[in-house]
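Okay, everyone, thanks for coming. Let me put the structure up on the screen, and then I'll walk you through a couple of helices.

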Amino acid sequence: MQTDHPPTGTLLRRTAASGGALLLLGSLTAVPAAADEADSSTLTVAVAQQVDSFNPFTAQLAVTTNILRHVYDSLTTVNPRTNEPEPSLAESWETSEDGLTWTFNLRDDAHFTDGERLTAEDVAWTFDTMMENPAAAVANGNYVAGFETVTAQDEATVVIELDEPQATMESLRVPIVPRHVWEPIIEAEGEAFSDYTADDLPTVGSGPFVLTEHSRGEHIRLEANPDHWRGAPGFDELYFRYYSEKDAAVEALRSGEVSFVYELTDAQVTSLETVDDIAVNIADGKRFQAFTINPGAVTRDGEEFGDGHPALSDPTLRQAIVMGIDNEEIAQQGSNGQAVAAGGYIPPRYTDFHWAPEGDEAFLDFDPGAANEMLDDAGYARGDDGVRVSPDGDRLELRMHVHADRPDNVQAGLVIAERLADIGIEIDNRTVDPGILSDALYDAEYDLIFTGWTVNPDPDYVFSIHTCGALPDEPGTMQGDAYFCDEEYDELYEAQLAEYDRRARAEIVHQLQEVLYREAVVNVLTYPNIMEAYRTDHIADIQLEPAEGGNIWGQDGYWAWWSAEPAAAALSGAGGAGGTGVSSGVLIGTGAGVLVLLAVGALVLIRRRSTVEDRE
């Protein structure tokens with residue numbers, strides 16, 4: 001792996017020469033007005049990934065969590081400029097001197113879309129359900145792991161008692177659900193709740209949009225919530241349309257069939273840069289791309305399952321595999337330079353928590369000579385065909401599952417197969433559809449497999465999935481992307497979670513990444529740039545997160561789609577901004593641009609996260 005720190009500055013952001021500017025947070029502007037009733041506007045987004053479930057307790061796939069964060073509000077959110085916590089449903093909060101009692105004061109104007117007021121009872125019930133029902137803790141269980149009690153003191157006050165200090169208490173971005181809707185569902189489903197997909201539509205939530213329609217493999221429809229406490233979104237409707245091929249989605253953008261496309265390749269970006277009425281955005285990555293090595297899958301009770309190559313339980317072999325791969329080559333050839341070679345688990349976008357091995361720490365840097373020597377010394381002899389055999393006599397032919405729908409993965413897989421051949425490992429390169437890859441991961445029927453996660457400003461979740469407690473209860477119920485269990489790692493994980501001092505916590509988070517690096521089970525390759533494009537004749541203004549060098553899709557708040565202003569409205573004078581590059585959906589203080597909070601007596605623009613780190 002690379003020894004150099006990847007650059008932490010803003011990467012290149014390019015816009016097409018079409019007169020449409022990407023939004024920069026700017027001077028004081030108003031909350032967006034509801035769209036003109038006579039001008040029904042639809043913002044269409046091209047998607048490829050199928051949803052896993054609209055159940056907010058269990059949904060983990062990226063497309064689902066990106067949608068559900070617009071449907072359900074949470075207690076707190078994130079300031080896109082600072083990545084610091086901000087109020088959302090909770091206008092303010094206080095903590096006791098020992099850090100074990102947290103009191104959240106709720107806003108009084110939040111309502112569910114069926115008209116019922118959102119109260120402390122809904123918040124307490126949401127958390128209690130996650131604490132008491134393991135099936136309801138799949139997506140966000142790490143947030144309540146240290147909760148002792150949650151009490152609705154009155155309609156607007158929630159009190160949470162902790163077993164020990166918990167650093168994520170200002171980052172409780174858990175979807176708050178209506179108790180009167182979900183309690184009967186929990187009671188009816190019982191143990192089958194983890195399989196409940198919540199397909200009954202429209203969905204009752206408290207967010208700025210309402211999920212109204214889903215046709216699998218065809219489309220997902222969200223309608224604006226005109227009564228949202230923050231104000232109605234600029235568009236009347238969000239429409240997510242499925243395209244199995246990214247090139248088809250790009251052509252749909254060119255033709256005006258869709259308004260927005262994300263996860264572009266460098267070639268697609270280049271082809272769109274000079275197209276009229278299309279703006280291209282390239283942002284710092286918030287995701288890591290990795291490959292996982294199967295060290296031997298077990299359940300929490302120690303039941304072995306799957307068919308991973310037995311030699312991969314040897315850390316020496318796993319380390320040699322990492323040393324045989326050049327991450328810089330992956331970044332250049334796999335992503336054509338639109339990625340940063342990685343070393344640690346946290347992208348450089350999050351400067352406090354980012355770690356990269358340097359000096360003596362970087363002992364797994366690309367070095368095929370040292371890797372060959374390690375394997376020779378460990379008894380992995382080469383056969384007549386050049387492929388090594390383990391000390392137990394198992395030929396080192398490894399299956400590698402690669403996402404067929406991700407061109408950068410496909411190219412990276414070819415590079416990895418070539419490099420591992422140099423150290424005597426033969427790769428059976430299985431470039432497969434996402435469903436096949438996912439089944440292989442859950443069944444532990446793989447040797448090497450491509451994985452990746454989106455990382456939120458608070459990194460707790462991406463570390464929680466590698467604790468011993470995250471091992472599956474039974475085959476097929478894994479929450480993470482590796483069958484990893486390490487006592488030192490678990491101790492460090494608990495220590496970072498109990499540390500309120502950010503600098504001290506960051507040091508522990510660095511140590512967690514060192515353990516993952518050393519054990520070579522989850523091997524981070526790159527931090528891909530975010531590459532996306534939208535039509536400026538559909539969207540007049542849209543908010544980036546953060547304002548400089550930020551992204552649109554996969555934000556930690558729902559600001560892009562909530563603040564987006566229809567071009568037709570801008571031309572007619574509705575909405576105010578009229579394509580100036582400053583969103584009508586942003587209210588910021590003057591001067592340094594400090595956000596003003598309603599909790600301290602001024603109107604607030606508050607931000608919400610994109611649910612927990614999004615699984616592949």
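So, H6 and H8 run roughly antiparallel to each other. Keep in mind that this is a predicted model. Why do we call H6 and H8 roughly antiparallel? Well, helix H6, residues 315–323, and helix H8, residues 368–377, pack at an angle of about 160°, and angles over 145 degrees count as roughly antiparallel, so the pair gets that label. Their axes are 8 Å apart, and H6 passes H8 in a left-handed crossing.

Now, which residues actually meet there? From H6 we have Thr316, Leu317, Gln319, Ala320 and Met323. Across from them, H8 brings in Pro368, Ala370, Ala371, Met374 and Leu375. If you sort the residues of this contact by type, you get 8 nonpolar, 2 polar and no charged.

Okay, let's move along to helix H3, which covers residues 179–189. What's buried in H3? That would be Trp182, Ile185 and Ile186. These three cover an arc of only 100° around the axis, which means they sit on the same side of H3. And what do the buried residues of H3 pack against? Their partner is helix H2, residues 120–132.

Flip over to the other side of H3 and you'll find Glu187 and Ala188, which are exposed. One last thing on this helix: just after H3 comes Gly190, and Gly190 takes a positive phi of about 60°.

That's my tour, thanks for listening.

Methods:
Residues are numbered from 1 along each chain as its sequence is written. This is a predicted model: local features need pLDDT of at least 70, side-chain atom pairs count only at pLDDT 80 or more; totals for chains, interfaces and linings use all residues. Side-chain values use heavy atoms; hydrogens and water are left out. Axes are lines fitted to C-alpha atoms, for helices over the stretch in contact, and angles run from 0 to 180 degrees between N-to-C directions. Helices (H or I, at least four residues) and strands (E, at least two) are DSSP runs, numbered from the N terminus. Angles under 35 degrees count as roughly parallel, over 145 as roughly antiparallel, 65 to 115 as roughly perpendicular and the rest as oblique. A crossing is left-handed if the near helix is turned anticlockwise from the far one by less than a right angle, and right-handed if clockwise. Contact means heavy atoms within 4.5 Å. Ala, Val, Leu, Ile, Met, Phe, Trp, Tyr, Cys and Pro count as nonpolar, Asp, Glu, Lys and Arg as charged, and the others, Gly among them, as polar. Buried means under 20% relative accessible area, exposed over 50%, partly exposed in between (1.4 Å probe, protein chains only). The arc is that of the directions from the helix axis to the C-beta atoms.
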